[in-house]
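Colleague: Could you take a close look at the charge pairs in this model for me? I'd like to know which side chains pair up, where they sit, and what happens to any charged residue left without a partner.

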Amino acid sequence: MSAGSGPGRRLHRRDRFGRRGRAVLSAVVVALLALLAVDVRLVAFPDRAGLPGHADVLFVLGPHDTGRIADALRLMDAGLADELVVSTPTHGSLLDPAPSTAFCTAEHPYPVTCFVPEPSTTRGEAAQLARWRAERGWGTVIVLTARPHVSRTRYIMGQCGGGPVTVLSYDGGMNPPRWARQFAYQGVAFVKAAVMGPCR
């Protein structure tokens with residue numbers, strides 16, 4: 001048997017590969033924990049905007065579930081904005097799969113515009129906002145969305161919304177299973193938004 005072979009040599013090689021494998025695994029775990037911490041920070045604890053001064057429009061992102069619309073109408077009744085615009089995609093949410101659009105045609109002391117975004121995504125909503133800003137001369141815009149969506153909304157509006165916005169959060173309807181789903185969904189969707197970049 002040669003000096004460089006034998007059980008001792010094989011054990012040393014396995015131990016070296018074992019240490020390297022443990023180091024790689026440790027690095028992966030640390031990286032995943034760091035990503036999870038960032039995800040939780042952005043989704044569960046976004047930077048909160050206080051109520052701004054009067055705005056030209058309150059722009060509500062879909063889906064138009066009952067709680068979100070009630071919050072939007074409350075803000076409008078308090079005089080937050082001159083006009084209400086609501087995204088009413090063809091799909092609802094898990095909480096409200098087939099939300100009503102009766103508020104779109106009901107009488108209000110302010111103009112109400114409902115629209116179906118194309119595509120039916122936050123990016124599609126932001127692109128529509130940019131078009132209407134140019135056409136209608138809106139300067140100050142407040143966007144209302146669910147809290148897990150606030151950070152991604154700010155990013156996409158910055159890429160596609162045609163100007164600065166203030167993002168307010170609607171906090172209703174969340175429980176632990178829904179938070180878990182949002183952590184997974186919003187993290188992946190944020191990466192997709194970053195890859196897609198600005199609207200053309």
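**Charge pairs, one by one**

Modeller: Happy to! Let's start with Asp65 and Arg68, whose side chains form a salt bridge at 3.5 Å, N to O (a Lys or Arg side-chain nitrogen within 4 Å of an Asp or Glu carboxyl oxygen). Both partners, Asp65 and Arg68, are buried (under 20% relative accessible area with a 1.4 Å probe, protein chains only; over 50% is exposed, and in between is partly exposed). This is a predicted model, with local features needing pLDDT of at least 70 and side-chain atom pairs 80 or more, while totals for chains, interfaces and linings use all residues. Numbering runs from 1 along each chain as its sequence is written, and side-chain values use heavy atoms, without hydrogens or water.

The whole structure holds three salt bridges, so let's walk on to the next, as side chains of opposite charge can pair when their charged atoms come close. Asp71 and Arg74 meet at 2.6 Å, N to O. These two, Asp71 and Arg74, lie three residues apart in helix H2, residues 66-77, which means that about one helical turn separates them (helices are DSSP runs of H or I, at least four residues, and strands runs of E, at least two, numbered from the N terminus). Asp71 is also buried, at 15% relative accessible area.

Then comes the pair of Arg136 and Glu83, joined by a salt bridge of 2.9 Å, N to O. Here the link is between distant parts of the chain: Arg136 belongs to helix H4 and Glu83 to strand E2, residues 81-87, with their positions 53 residues apart. Arg136 is partly exposed, with a relative accessibility of 37%, whereas Glu83 is buried at 14%.

Now for your residue without a partner. Glu125 sits in helix H4, which spans residues 122-136. Glu125 is buried but makes no salt bridge; Arg68 offers the nearest side chain of opposite charge, and that is 6.9 Å away (Lys and Arg count as positive, Asp and Glu as negative; His and chain ends are left out). Arg68, as you'll recall, is paired with Asp65.

What does Glu125 touch, leaving aside its neighbours within four places in sequence? Its contacts (heavy atoms within 4.5 Å) are Phe59, Leu61, Gly62, Ser87, Phe115, Pro117 and Pro119. If you have the viewer open, helix H4 is a handy place to begin, with Glu125 and Arg136 both on it.
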